Amino acid sequence: MRPREEKERPRDETVSPPPAGRPGSGLARDEAPGGPVRQNGHRRRKRGGGGGERSMVPPAEFRSYYGRPIVKAAVWHHDIAAYLFTGGLAAGSALLAAGGDATGRPALRRAGRVTALGALVASTYFLVHDLGRPARFHHMLRVAKPTSPMSVGTWILSGFGAAAGVSAVAEGAGLLPDRGLPGVARKLLPPLGTAGQYGAATLAPALATYTAVLLADTATPSWHAAYPELPFVFAGSALASGAGVGLLAAPCEQAGPARRMAVVGAAMELYGAHRVETTKGILSEPYAEGRAGRLLRTGRALTALGVVGAVLGRRSRVVSALSGLSLLTASLATRFGIFDGGIASARDPKYTVLPQRERLAGCVVNDAATTEKTQQGPAAAGT
């Protein structure tokens, strides 16, 4: 056998203790005041130091590792905020066109149809531009996934676009000649335009609100927390923007449906925005501070001014037009404010950590209450 190169250590040899280390390293507890102290490999307590070990690790703060965000912010740019606005404008304009046609107001019908198509084209452009490659929009149409808001929204956008396009083209039927193939198109386009108009109006509520579901379905804290209110905000904003188009384009005697749309849309938007900004605890802060706060406050003020002008300026063409412009600007500011507020909440880790701690504390309290009731049940039965 090969001889050992080292001698075995005697059994009674004393092992020197390891260094204490800095606080937070896990070794600082060896030299904590009042805590256990290692001596000759054994633990003993200092006299008069208390009854138990005391950790030297400070309590964790809400900041993440090196202050980095815990939730990755959405990679969307402000093209998506513009997409939210133009999509809502297209939906509101389609409802305006249907209301104008149903009540015999051709100016409202014409303005609604043309604006719906124009806003839809702009909305598609902003979406494709943010995607980076136009083929990606086409690829989303290759499948239909009901559990995906983006997939459902793509199909809603496509169906709405076809209906709104037919109704807008039908507005130019009167410019075609009476004879030949153009004459046939002149006869067929009006009924097709009416059908497309009401088809677009049917899809308009889904187009106006699916983007709210899309935002709330993400992990962005302030968007996800506001999932019950965002559809109200977006639907009201869409109605208000459509009403703004009617007030701008139609004469005062034909703008009655637009005024009613303005009142209903403003009420929904202001109610939803107030709930978002006041009932979400710390997650309401991103909507009240910084750029998002300024945009949402501006949107509220312009919405109120637009509604007042629409109601009081029934006989003034100038006041009605200014009211419509105010409502359109308010809708734009609201959409950008909601977008910026969500992005800001994802970038600051406290909006992720602190709500989680509150939910965890609530679960602990509920568990304790449940345990107490369970223990009291057998005791009361025995009594």
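A nonpolar patch is made of residues with over 30% relative accessible area and no salt bridge, whose nonpolar side chains are joined within 5 Å. Keep that in mind, as we'll come back to a patch of this kind after a quick look at the whole chain. One thing to know up front: this is a predicted model.

**The whole chain**

Let's start with the overall layout. The protein chain has two strands and eleven helices. Reading from the N terminus, you meet both strands before any helix, in the order β-β-α-α-α-α-α-α-α-α-α-α-α. Of the 383 residues, 42% are buried. The outside adds up to about 21,600 Å² of exposed area, and 61% of that comes from carbon and sulfur atoms. What about contacts along the chain? Among contacts with a separation of 6 or more, 71% are between residues 24 or more positions apart.

**Helix H2 and what follows**

Helix H2 covers residues 106-131, which is 26 residues in total. From its first C-alpha to its last, H2 reaches 38 Å, close to the 38 Å expected at 1.5 Å a residue. Right after H2 comes Gly 132, and its phi is positive, near 95°.

**Helix H5: the patch and two residues**

Now back to the patch. Which residues form it? They are Val 166, Leu 181, Val 184, Leu 188 and Leu 192, and together they have about 460 Å² of accessible area on the surface. Helix H5, spanning residues 180-216, gives the most to this patch, with four residues.

Leu 192 sits in H5, and so does Thr 211. Here's how the two look in terms of accessible area:

| Residue | Relative accessible area | State |
|---|---|---|
| Leu 192 | 46% | partly exposed |
| Thr 211 | 5% | buried |

Why does Thr 211 count as buried? Its relative accessible area is 5%, and buried means under 20%. Leu 192 is called partly exposed because its 46% lies between the 20% and 50% cut-offs.

Who does Thr 211 touch? Leaving aside neighbours within four places in sequence, Thr 211 is in contact with Tyr 83, Leu 84, Phe 234 and Arg 335.

**Ala 225 in helix H6**

Next up is helix H6, residues 221-225, where you'll find Ala 225. Not counting residues up to four places away in sequence, Ala 225 touches Lys 280 and Leu 283. Ser 284 is 59 residues from Ala 225 along the chain, yet their C-alpha atoms are separated by 9.0 Å.

Conventions. Residues are numbered from 1 along each chain as its sequence is written. This is a predicted model: local features need pLDDT of at least 70, side-chain atom pairs count only at pLDDT 80 or more; totals for chains, interfaces and linings use all residues. Side-chain values use heavy atoms; hydrogens and water are left out. Buried means under 20% relative accessible area, exposed over 50%, partly exposed in between (1.4 Å probe, protein chains only). Contact means heavy atoms within 4.5 Å. Accessible areas come from the Shrake-Rupley method with a 1.4 Å probe; for residues, only the protein chains shown count as cover. Patches are made of residues with over 30% relative accessible area and no salt bridge: like charges are joined within 9 Å, nonpolar side chains (Val, Leu, Ile, Met, Phe, Trp, Tyr) within 5 Å. A salt bridge is a side-chain nitrogen of Lys or Arg within 4 Å of a carboxyl oxygen of Asp or Glu. The expected span of a helix is 1.5 Å times one less than its number of residues.
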